Amino acid sequence: MSRHDETEAGEAGAGDTTPAPSIAIRPLASTEEVRGLDRSLADASPEKHRRRLEQQQQGRVTYLVAWEGTRPVGHVLVRWDGPTAEPMASAYPGCPQLEDFFVDAGYRGRRIGLRLLGAAEQQARLRGCRWIGLSVGLTPSFDRARSLYARSGYRKAGFAPYYEGWWVRDEQGRRQWWEEACEYLIKDLVQEPRTTT
Ligand SMILES: CC(C)(COP(=O)(O)OP(=O)(O)OC[C@H]1O[C@@H](n2cnc3c(N)ncnc32)[C@H](O)[C@@H]1OP(=O)(O)O)[C@@H](O)C(=O)NCCC(=O)NCCS
């Protein structure tokens, strides 16, 4: 799963780590909200949020955004047409896939990530999906995400590691192509316990 560009979101900080009940999680709803996302959570992919609103209107994705009032503080994209890369596509055809899971650095550790995951899984259950999948990097920078996935019931799908690439911005603001070794995780939405939202 592509990782949001850390350089524009700030360093992972020792923010408040108490749960954040004031956070509302809902699908992206309007071009006005797209502007809010562009202002607060812009990254190396210009037009990303606008494209996602369009894809959501076409029914191809659900873009869940976490809001504190009018400020967006996190997001996860649920792609409904399933994995396109093999062997995942053949093994889990039409399995919804989570992408671009991100919480603003100052808001981490307050269960917003857990709630975003839970909201995405709930949407998948409502559509009658048996599985939900995602790709995660193998380097230590993904350790926090990996432990959250493990606690939430995601297991290795058993495929060989592969490389995924995406655009990031370096400290000088230049766009750079970044590649990372990844593995595929899958959660059984019927057998596994539900995530608390
Ligand atoms: C992965 C990510 C979305 C999780 O979001 P989050 O809101 O911090 O998630 P949660 O608060 O639900 O859980 C995070 C875990 O880190 C712990 N943590 C402790 N201190 C923390 C801190 N200062 N900041 C963040 N997390 C902290 C939390 O307590 C929790 O673990 P625990 O349940 O064992 O206590 C977020 O860390 C992130 O955006 N990372 C960068 C992008 C990324 O790696 N995305 C995943 C791509 S596969």
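Below, a reader asks how certain words are used for this structure, and the author answers.

Reader: How do you know which residue a number means, and what kind of model is this?

Author: Residues are numbered from 1 along each chain as its sequence is written. The model is predicted: local features need pLDDT of at least 70, side-chain atom pairs count only at pLDDT 80 or more, and totals for chains, interfaces and linings use all residues.

Reader: What makes something a helix or a strand here, and how many of each are in the protein?

Author: Both are DSSP runs, numbered from the N terminus: H or I over at least four residues for a helix, E over at least two for a strand. The protein has 6 helices and 8 strands. From the N terminus their order is α-β-α-α-β-β-α-β-α-β-α-β-β-β.

Reader: Why is D100 called partly exposed?

Author: A residue is buried if 20 or more other C-beta atoms, placed from the backbone, lie within 10 Å of its own, exposed if 12 or fewer, and partly exposed in between. D100 has 18 C-beta neighbours inside 10 Å, so it counts as partly exposed. D100 is in strand β4. R111 has 19 other C-beta atoms within 10 Å and is therefore partly exposed. R111 sits in the loop between β4 and α5.

Reader: What is the phi of D100, and what is that of R111?

Author: D100 is not a glycine, yet its phi is positive, about 50°. R111, also not a glycine, has a positive phi of about 70°. Most residues other than glycine have a negative phi.

Reader: Why are α2 and α3 called roughly antiparallel?

Author: Axes are lines fitted to C-alpha atoms, for helices over the stretch in contact, and angles run from 0 to 180 degrees between N-to-C directions. Angles under 35 degrees count as roughly parallel, over 145 as roughly antiparallel, 65 to 115 as roughly perpendicular and the rest as oblique. α2 and helix α3 (residues 48-57) pack at about 150°, with axes 9 Å apart. That makes α2 roughly antiparallel to α3.

Reader: Which residues make this contact?

Author: Two residues are in contact if their C-beta atoms, placed from the backbone, lie within 7 Å. T31, V34, L37 and D38 of α2 meet H49, R50 and L53 of α3.

Reader: What makes a set of residues a nonpolar core?

Author: The members are buried Ala, Val, Leu, Ile, Met, Phe, Trp, Tyr and Cys residues joined through C-beta atoms within 7 Å. The largest such core has 38 residues, and L64, V76, V78, L116, A120 and L185 touch the most other members. Its largest share, 6 residues, comes from α5.
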